[in-house]
Amino acid sequence: MANSNEASAGTLVEDWSGDKETFRVHWGKAMMWIFLLSDTFIFTSFLTSYMHVRMSTAEPWPNASEVFALTMFGQSIPLILIAIMTFVLITSSGTMALAVNYGYRRDRKKTATLLVITALLGATFVGMQAFEWSKLIAEGVRPWGNPMGAAQFGSCFFMITGFHGGHVTGGVIYLAYVATGVINGRYEEKGYDIVEICGLYWHFVDLVWVFIFAFFYLW
Amino acid sequence: MSDAAEGQQHPLGIYYAIWILLFVLSIFSYMVDYYQFQGYMRWTLILVFMMLKAGFIVAIFMHMAWERMALITAILLPPLLLLVLVALMAIEGDYTFLARVLFFGADPNAVPLSPVHH
């Protein structure tokens, strides 16, 4: 029994310290997954603290459906901007998935084009978020209070969407860097794993938005 | 280096299928708010659409479905611990709310004011 334990512990150490890649995937991919795992804990901490203040406050919580409504074509449509932002981000995830695929096929032109489209959609998302922020600020929403109800609404909103928007902005820069690399043929020898690694980050940003959309905007 | 041996290679069709599916699921979750479903119905629908979307993104777009079990468990099991944190904070939040209503005279049925859009 003790022997088999030692053997398995030995294998584990050898797997991590040996001159080979752990999990038998590109080392950068394993590291990106571990980074995303830590990021999951950060975002969950934010969302959990939001849940906690929202459940514990006796002040009425502002109605997201009304707060994020926009007047279009003469009538008020609930959450419409957020819905459009969601579709923009999903579309960018789709183009990213295609870019990864064309990268491994070594179709540099298509990979670069799809990466640039993904980055542009990401920038569009950030632009729409900036619009949403300035609209809310103009209506008197602050991290310490707002005209509708519970003061915690503002702090949760700016903290969570701000941190997510920061991730999207970082992702756009990352995508632009990888796209230039693809155009210049920087990955012809190294292989196109970097496009997939970059894609993991981008899909994660979309993934976080799925949870923010459900818990912040739909609750 | 032969191209066939490199990285994750899947037919493009699967990405298009998931892409469309994510669109449809997003429309569904938007409809939950648009048609103002309330109570348990609202929460069931929100959570089901959310988990489906998250699952498809991780499994297909992030290729988790084709990874080795060692990587899958190393990445997907630790976040389950967070459910403990969520449960603890939910109990604590509930208690604080109750204390504010019972001992500090807060009104549990107060209604938020409507925002004034410019």
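Helices and strands are taken here as DSSP runs, with at least four residues for a helix and at least two for a strand. By that criterion, chain B of this predicted model contains four helices and zero strands. Read from the N terminus, its elements follow the order α-α-α-α. The chain is more spread out than a compact globule, because its radius of gyration is 22 Å, well over the 13 Å that the globule rule gives for 118 residues. Along the principal axes, the C-alpha atoms of chain B fill a box of roughly 75 × 35 × 30 Å. Of its 118 residues, 15% count as buried.

Chain B is split into domain 1, residues 9-66, and domain 2, residues 68-105. The C-alpha centres of these two domains are 23 Å apart.

The interface with chain A was examined next. Here 54 residues of chain B contact 54 residues of chain A. On the chain B side, helix 1, helix 2, helix 3 (69-76) and helix 4 (82-104) each give two or more residues. Helix 4 of chain B supplies the largest share of that side, 12 residues. By residue class, the chain B side comprises 35 nonpolar, 10 polar and nine charged residues.

The largest nonpolar core holds 69 residues. Within this core, A:A99, A:L115, A:L175, A:V178 and A:F213 touch the most other members. Elements of both chains give two or more residues to the core. From chain A these are helix 2 (27-56), helix 4 (80-104), helix 5, helix 6 (152-183) and helix 7 (193-218). From chain B they are helix 1 (12-34) and helix 2 (39-61). Helix 7 of chain A provides the largest share, 18 residues.

One of the core residues named above, A:L175, illustrates the packing. Beyond residues up to four places away in sequence, A:L175 touches A:L115, A:T118, A:A119, A:G122, A:C198 and A:W202. Among these partners, A:L115, A:T118, A:A119 and A:G122 also belong to the buried residues of helix 5 of chain A.

Helix 5 of chain A was then considered in full. The end C-alpha atoms of this helix are 45 Å apart, which agrees with the 45 Å that its 31 residues should span at 1.5 Å a residue. Its buried residues are A:T111, A:A112, A:L114, A:L115, A:T118, A:A119, A:L121, A:G122, A:F125 and A:L136. An α-helix has 3.6 residues a turn, so residues three or four places apart point the same way. The cover over the buried residues of helix 5 of chain A includes helix 4, helix 6 and helix 7 of chain A. After helix 5 comes A:G140, with a positive phi near 95 degrees.

A:M128 also lies in helix 5 of chain A, which covers residues 108-138. This methionine has 17 other C-beta atoms within 10 Å. A residue is buried at 20 or more such atoms and exposed at 12 or fewer, so A:M128 is partly exposed. Apart from neighbours within four places in sequence, A:M128 contacts A:L81, A:I84 and A:M85. The C-alpha atom of A:M128 is separated by 31 Å from that of A:S56, 72 residues apart along the chain.

Helix 6 of chain A has 32 residues. Its first and last C-alpha atoms are 46 Å apart, close to the 46 Å expected at 1.5 Å a residue. A:G185 follows helix 6 of chain A, and the phi of A:G185 is positive, near 70 degrees.

Key:
Residues are numbered from 1 along each chain as its sequence is written. Chains are lettered from A and ligands numbered from 1 in the order in which they are written. This is a predicted model: local features need pLDDT of at least 70, side-chain atom pairs count only at pLDDT 80 or more; totals for chains, interfaces and linings use all residues. Two residues are in contact if their C-beta atoms, placed from the backbone, lie within 7 Å. A nonpolar core is a set of buried Ala, Val, Leu, Ile, Met, Phe, Trp, Tyr and Cys residues joined through C-beta atoms within 7 Å. Ala, Val, Leu, Ile, Met, Phe, Trp, Tyr, Cys and Pro count as nonpolar, Asp, Glu, Lys and Arg as charged, and the others, Gly among them, as polar. Domain bounds come from an automatic or database domain assignment. The radius of gyration is taken over C-alpha atoms; the globule rule is 2.2 Å times the number of residues to the power 0.38. The expected span of a helix is 1.5 Å times one less than its number of residues.
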